[in-house]
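Me: I've just opened this one and I'm not sure how to read it. Can you walk me through it?

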There are 2 protein chains.
Amino acid sequence: MADPLYRRIADSLQREIERGELAEGAQLPTEQELADTWNASRSTVRDAIKQLTTRALVEAHPGQGTFVRRKIIPIVTDLSATHDLGTGEAAQYYIDVRRQRRTPRSTVPRVEIQPAKELVASELALAPGSQVVLRHQQRFVDEEPYSLQTSFYPMQLVTVRGANRLIEAADIEEGTIQYLRREFGVEQVGYRDVITVRTPNVSETTFFLLPEDGHVAIFENFRTSYDQHGEPIRLTVTVYPADRNWFITSGNVPAVG
Amino acid sequence: MADPLYRRIADSLQREIERGELAEGAQLPTEQELADTWNASRSTVRDAIKQLTTRALVEAHPGQGTFVRRKIIPIVTDLSATHDLGTGEAAQYYIDVRRQRRTPRSTVPRVEIQPAKELVASELALAPGSQVVLRHQQRFVDEEPYSLQTSFYPMQLVTVRGANRLIEAADIEEGTIQYLRREFGVEQVGYRDVITVRTPNVSETTFFLLPEDGHVAIFENFRTSYDQHGEPIRLTVTVYPADRNWFITSGNVPAVG
DNA sequence: GGGTATTTGTCCGTATGTATT
DNA sequence: AAATACATACGGACAAATACC
């Protein structure tokens, strides 16, 4: 009984949710009702509910009440499918999403040319401050925000090799990877992913419509792709809200699996 | 200025932190000082700080003050190294951690025999309720809690094939994968990982010493391993605190990379 | 559309407890 | 022992969103 009152209230409600006595979508007692039954003030009850909100167990709606959150049906993304096929992430995204009987859409890329920041230069094996092409896209599934993706390419691909479509602000329908292979013989033969989880920034909170308190984490994938000479040709940074996405990666699984 | 006062205070502090005016480890003004400068009540200031705490930007210590959190040096775990070597995760963990000049330790496994729950049965392609062997370990790096791992094996490996060491509550130093290959010709030739991020449960909060409010997410990896006949031989569930771990996975990267 | 009741959101002030210095 | 700073708890007032008549 050493626990403070607000936590005892929160733990009690959490147990009711986990035992199913408060089912998904069910309304919790109002703050005033909880205050009465626990002989607590409304402020204390609100502290308890705040904790459940941070734990993503409930959501409160002004004028309506507080409800047990429904489980989200996750979108499953296969991080390893790409390299098997040499398809490139852009095309792969459309294939994957359609396979789950959902509808993909992505915005026309925003294209910029920038001096490479430290991380980008390091991953692309460029001198710091070298020019890089940046292509940024918003992706949707069933018109719901799904991911934000930014790809960085060495500017040499354009200036030396002549890959001019990289700097056009238009979707490359076949995928940049196939474009680079077909036109310039640059093949993506391998990649390395670095995966981190962190709190969202403001633009992510806005785009994904995340709760303001930042309790929904962001899943961030840095993918460095290499060509047949072992040179890095691209860094792709993709972020997803962690509450509605699962990821798969596999090594040499048998068919079906 | 439509934003409520507590959020304006929080955003102002957050900008100061991001601009470095409040450096890592620096102490914020006390709640009373902030209340005075913003003409707000202490309760409102506390609401603001609560938001920064949820966003993992600051941490409060009674009697001392509230401080900007220091960045954590992450432990990097390679999710794909294992299958290249056929080493098995257990041995790989020791190799990986030592390579980062840190000290690994894991507890003696807790071994149980259980009827398979739905997920386990499905991943191991067993009839629901079939017996499975469960081996649970706590892992440490530099004596700090690092991961919790539970592996499930079909009981047939013991009853039919005679892999009796699976049900001994003792570390299999060479790794279960090498044990199964050496003694029984069962080779792990492939795997599939499913990765999710979720809020911690009570035992995870306790083991990893996570803050009670549950704002630190848990990174969860379900790895199903397959033998040379395409049969699943193991399901390993590993959980890590998302705030201090990064993950790498790669496909066919050139040497060094 | 308007008005009213309900419910959560914001903000205030105060008092007391607990951890740290 | 005393001072400082955050933690818990109370209660009240009004605002904002929603639902319903």
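Reply: Happy to. Let's start with the layout: the centres of domain 1 and domain 2 of chain A, taken over C-alpha atoms, are 40 Å apart. Those domain bounds come from an automatic or database domain assignment. Here domain 1 of chain A covers 5–68 and domain 2 covers 75–248.

Me: What should I know about the model and its numbering?

Reply: It's a predicted model, where local features need pLDDT of at least 70, side-chain atom pairs count only at pLDDT 80 or more, and totals for chains, interfaces and linings use all residues. Residues are numbered from 1 along each chain as its sequence is written, chains are lettered from A and ligands numbered from 1 in the order in which they are written, and side-chain values use heavy atoms, with hydrogens and water left out.

Me: Which residues come nearest to DNA strand D?

Reply: A residue is near a strand if one of its heavy atoms lies within 4 Å of it. Around DNA strand D there are 24 residues, and A:Leu5, A:Ser41, A:Thr44, B:Arg42 and B:Arg46 come nearest. Of the strand D atoms that come within 4 Å of the protein, 72% belong to sugar and phosphate.

Me: What does B:Arg42 touch on DNA strand D?

Reply: Look for a polar contact, here a pair of N or O atoms within 3.5 Å. An N or O atom in the B:Arg42 side chain is 2.9 Å from a base nitrogen of DNA strand D. A:Ser41 uses a backbone N or O atom instead, 3.0 Å from a phosphate oxygen of strand D.

Me: And which residues come nearest to DNA strand C?

Reply: A:Arg42, A:Arg46, B:Leu5, B:Ser41 and B:Thr44 do, out of 23 residues around DNA strand C. Sugar and phosphate make up 73% of the strand C atoms that come within 4 Å of the protein. A polar backbone atom of B:Leu5 sits 2.5 Å from a phosphate oxygen of strand C, while for B:Tyr6 that distance is 3.0 Å.

Me: Which element gives the most to the surface near DNA strand C?

Reply: Helices (H or I, at least four residues) and strands (E, at least two) are DSSP runs, numbered from the N terminus. The one to find is α1(B), with 3 residues.

Me: How many residues of each class are on that strand C surface?

Reply: Ala, Val, Leu, Ile, Met, Phe, Trp, Tyr, Cys and Pro count as nonpolar, Asp, Glu, Lys and Arg as charged, and the others, Gly among them, as polar. Near DNA strand C that gives 7 nonpolar, 12 polar and 4 charged residues.

Key: Polar contact = N/O pair within 3.5 Å; in protein donor to acceptor, adjacent residues only side chain to side chain.
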